[in-house]
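Visitor: Hi! Could you walk me through this one, a bit at a time?
Guide: Happy to. Here it is.

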Amino acid sequence: MIKVYGSSDDLVEIEGDIVEEFSHYGDESCLLAFDNGVILECRYEDDGIWRFRVKSQGNTTVNVIPPDLTKDEYSETVVIDAPVKVVAFGTNAQFYIKKS
């Protein structure tokens, strides 16, 4: 299982089967691709909230949980309910692969 969320205005955090932190800053969205077929588009929006769009669900359950604004949360949280061994992070400018 994997949990994905944004932290600050420039970090995408991954916890669970893989623990990793990717730095991303700017207007361009970034992509996370997992070995179970899930692909997420990540973007820090002008309203100060990290948003995640499921581009591919693969063969698993993907839940996008909105932030609780009453608790000053500033990121959606994505929960992928399947084992993950590899994640690839990329933008048009860079690409990075992390294996557990």
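Visitor: Where is Ser75 found?
Guide: Ser75 sits in the loop between β7 (62–65) and β8. Strands here are DSSP runs of E with at least two residues, helices are runs of H or I with at least four, and both are numbered from the N terminus. Bear in mind that this is a predicted model: local features need pLDDT of at least 70, side-chain atom pairs count only at pLDDT 80 or more, and totals for chains, interfaces and linings use all residues. Residues are numbered from 1 along each chain as its sequence is written, and side-chain values use heavy atoms, with hydrogens and water left out.

Visitor: Is Ser75 buried or exposed?
Guide: Ser75 has a relative accessible area of 6%, so it is buried. The cut-offs are under 20% for buried, over 50% for exposed and partly exposed in between, using a 1.4 Å probe and protein chains only.

Visitor: And what does Ser75 touch?
Guide: Not counting residues up to four places away in sequence, Ser75 touches Tyr5, Gly6, Ile49, Trp50, Phe52 and Pro67. Contact means heavy atoms within 4.5 Å. A polar atom of the Ser75 side chain also lies 2.7 Å from the backbone nitrogen of Gly6.

Visitor: Trp50 caught my eye. Which aromatic cluster does Trp50 form part of?
Guide: One made of Tyr44, Trp50 and Phe52. A search of the whole structure finds three aromatic pairs. Rings of Phe, Tyr and Trp (its six-membered ring) pair if their centres lie within 6.5 Å; planes under 30 degrees apart count as stacked, over 60 as edge-to-face and the rest as tilted.

Visitor: Which of those pairs is stacked?
Guide: Phe22 with Phe89: the ring centres are 4.6 Å apart and the planes are at 5°, so the pair is stacked. The two residues come from distant parts of the chain, with Phe22 in strand β3 (residues 20–23) and Phe89 in strand β9 (residues 86–90), 67 residues apart. Phe22 and Phe89 are buried.

Visitor: How about Tyr44 and Trp50, why is that pair tilted?
Guide: Their ring centres are 5.5 Å apart and the planes are at 55°, so this pair counts as tilted. Tyr44 is partly exposed at 28% relative accessibility, while Trp50 is buried at 0%.

Visitor: Switching to cysteines: how many disulfides are there?
Guide: Zero, where a disulfide is a pair of cysteine sulfur atoms within 2.5 Å. Cys30 is in no disulfide, and its nearest cysteine sulfur, that of Cys42, is 3.9 Å away. Cys30 is buried, with a relative accessible area of 0%, and Cys42 is buried at 0% too.

Visitor: What is Cys30's distance from Thr91, in sequence and in space?
Guide: Thr91 and Cys30 are 61 residues apart in sequence and 4.9 Å apart in space, C-alpha to C-alpha. Thr91 lies in the loop between β9 and β10 (95–99) and is buried at 19%. Leaving aside neighbours within four places in sequence, Thr91 contacts His24, Glu28, Ser29 and Cys30.

Visitor: Last one: which residues touch the most other members of the largest nonpolar core?
Guide: Ile2, Val4, Val12, Ile14, Leu32 and Phe34, out of 20 residues in that core. A nonpolar core is a set of buried Ala, Val, Leu, Ile, Met, Phe, Trp, Tyr and Cys residues joined through side-chain atoms within 4.5 Å. Elements giving two or more residues to this core include β1 (2–7), β2 (11–16) and β4 (30–34).

Notes: A polar contact is a pair of N or O atoms within 3.5 Å; within protein, one must be able to donate a hydrogen and the other to accept it, and residues adjacent in sequence count only if both atoms are side-chain atoms.
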